[in-house]
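Student: Please take a close look at the salt bridges in this model. I would like to know who pairs with whom, how accessible the partners are, and which elements surround them.

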Amino acid sequence: MGYGVPDSGVDFCYVTVYEAHQLMKNDKAVFVDSRDDDDFKTTRIQTSFHLSANSLIMKAGGADKGVVQQLVDLVNSGKTLVCLSDACVKGNINRGHVSRCRHIAQYLVEMGADRGRIVRMTGGINAWKKAQLDGILGDLRPMYAGVLKAADFEPPQEGREEEAEEEQAGPLGAVPAVSSGGGGGGYASASPELASGLKVEIKGLVSRADLNGKKACIKEFVQSSERWELELLDDTKERVRCKPECLKVVPEAAPAAPVARPEEFVEVGCGGTPGDGGARDTCKVRFVHPRPFCQDRPTAYRVLKTDLYKKSTKDSDKIIKISRPISSLVRTTGELFLGSAGGVWAELDAAAGEKKGWVYVKGPGFGASSCKVTDEYLTA
């Protein structure tokens, strides 16, 4: 977990799993998994690149230089790079070692990536699993330090006294708590991780026991104190900061059926520089409802070849060539079918901004010269 790696002092802003999900579904992000090889093979988030922090440190030759350069180029072209690990714990509760995802993020900065476009994901892959967001491939159980855990596992917490303090906060757009309506563990109903915009009840404070039992709205995560900034839902509108374990999400009432309306946009974190004088950058993206959760069913693919093939319906004989940048993301519904020639096709997700149709994922390709060779055009 980053053993023996000196802390360069370079830290990064955070995004929630909900924000990372929106970045993925808007083709705004690149995901890199910093865990060990066996961990990555056991479970991962779709479309992720893999750069093992421990392999970088301990193995001769280190990381795949081609992958590293590809990631640096993608970041510098404007993509947000989301660094992943099991739980994204802080170094001071990680036995003093720099966490794997932070180490990989620091390494990419040293290789020339724009620091302001790199973020870490609060709660890590375990939080994505708890939220039941579409796109988990492999084992659904949480992992920690390479070991699969029970479903109710929680990573270790800091052992210092809770804190509540007043401070004015700058504006921050929040991903709304929107129900997916499709049985996929919607943003409001799952609530496994705290996120901007959620309503919570304060509990277990010692230094400000007068706040226990009060309701508040989460505004933002303050990295310098590793606490969530809240605004009390009373006449005082007081701003306080609390540790995550002192907050209990207040379930929202079941929402009414949504009214059909034009595209809905939300503001999500996409980078920035933490610390004094720094700020978290945000961007506005089209809100994409989570797909119903289904294990090992990809709803996004990373492009491996510039030329892709598409047809309008399953039964159509007309196949057209389309161009997409390598490593861009193609969003799909999770539906697949096997063509008569043995190729795999995935249904494009119009709700995520794709044009309707089916895209070729892998198979024998097209033309007599490729009929005996399996080509992969997209990877989950």
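Tutor: In this predicted model, Asp 210 counts as partly exposed, with 47% relative accessibility. Its side chain meets that of Arg 208 in a salt bridge, with an N to O distance of 3.0 Å. The whole structure holds 23 salt bridges, and a few of them serve to trace the surrounding elements.

A second pair is Glu 229 with Arg 239, where the closest N and O atoms are 3.6 Å apart. Glu 229 belongs to strand 12 (residues 227-232) and Arg 239 to strand 13 (residues 239-242), so this salt bridge ties together parts that lie 10 residues apart in sequence. Both Glu 229 and Arg 239 are buried.

Strands 12 and 13 are members of an open, five-stranded sheet with antiparallel pairing, ordered 13-12-11-10-14. Its edges are strand 13 and strand 14 (247-249); each has a single partner strand, so one side of each has no neighbour in the sheet. From one strand to the next, the twist averages 45°. At the strand 14 end, three bridges join that strand to strand 10 (residues 199-202), and the two run antiparallel. Within this pairing, Val 200 is placed opposite Val 249 of strand 14.

Strand 13 spans residues 239-242, which brings in Cys 242, a residue that counts as buried because its relative accessibility is 0%. The closest cysteine sulfur to that of Cys 242 belongs to Cys 246, at 6.2 Å, which is too far for a bond. The search of the whole structure finds zero disulfides. Cys 283 is likewise in no disulfide, with the sulfur of Cys 270 as its nearest cysteine sulfur at 3.8 Å; the cut-off for a disulfide is within 2.5 Å.

A third salt bridge joins the side chains of Glu 335 and Arg 297, at 3.4 Å from N to O. Glu 335 sits in strand 20 (residues 329-338), while Arg 297 is in the loop between strand 16 (279-286) and strand 17 (300-303), so the pair connects parts 38 residues apart in sequence. Glu 335 counts as partly exposed at 38% relative accessibility, and Arg 297 counts as partly exposed at 35%.

Some salt bridges share partners, and those link Asp 33, Arg 35, Asp 36, Asp 39, Asp 86 and Arg 100 into one network. Arg 35 deserves a closer description. This residue lies in the loop between strand 2 (29-33) and helix 2 (37-42). With 0% relative accessibility, Arg 35 counts as buried. Its side chain makes a polar contact of 2.9 Å with the side chain of Asp 33 and another, of 3.3 Å, with that of Asp 86. Beyond neighbours within four places in sequence, the residues in contact with Arg 35 are Phe 40, Thr 43, Arg 44, His 50, Ser 52, Ser 85, Asp 86, Arg 100, Ile 125 and Met 143.

Several of these names lead back to secondary structure. Strand 2 is part of an open sheet of five strands with parallel pairing, in the order 1-6-5-2-4. Here strand 1 (13-15) and strand 4 (49-50) are the edge strands; each has one partner strand, so one side of each remains without a neighbour in the sheet. Strand 2 and strand 5 (residues 80-84) run parallel and are joined by five bridges. Val 32 has Cys 83 of strand 5 as its bridge partner. Helix 5 (residues 100-110) packs on this sheet and touches strand 2, strand 5 and strand 6 (118-121), its direction making about 175° with that of strand 6.

Ile 125, one of the contacts of Arg 35, is among the buried residues of helix 6, as are Asn 126 and Trp 128. Helix 6 (residues 124-131) has seven of its eight residues buried, so the rest of the structure largely encloses it. Just after that helix, Gln 132 adopts a positive phi of about 55°.

Helix 1 (residues 17-25) can be set beside helix 6. Nine of its nine residues are buried, so it too is largely enclosed by the rest of the structure. The buried residues of helix 1 include Glu 19, His 21 and Lys 25. Just after helix 1, Asp 27 has a positive phi of about 55°.

Definitions and conventions:
Residues are numbered from 1 along each chain as its sequence is written. This is a predicted model: local features need pLDDT of at least 70, side-chain atom pairs count only at pLDDT 80 or more; totals for chains, interfaces and linings use all residues. Side-chain values use heavy atoms; hydrogens and water are left out. A salt bridge is a side-chain nitrogen of Lys or Arg within 4 Å of a carboxyl oxygen of Asp or Glu. Buried means under 20% relative accessible area, exposed over 50%, partly exposed in between (1.4 Å probe, protein chains only). Helices (H or I, at least four residues) and strands (E, at least two) are DSSP runs, numbered from the N terminus. Two strands pair if DSSP finds at least two bridges between them. Axes are lines fitted to C-alpha atoms, for helices over the stretch in contact, and angles run from 0 to 180 degrees between N-to-C directions. A polar contact is a pair of N or O atoms within 3.5 Å; within protein, one must be able to donate a hydrogen and the other to accept it, and residues adjacent in sequence count only if both atoms are side-chain atoms. Contact means heavy atoms within 4.5 Å.
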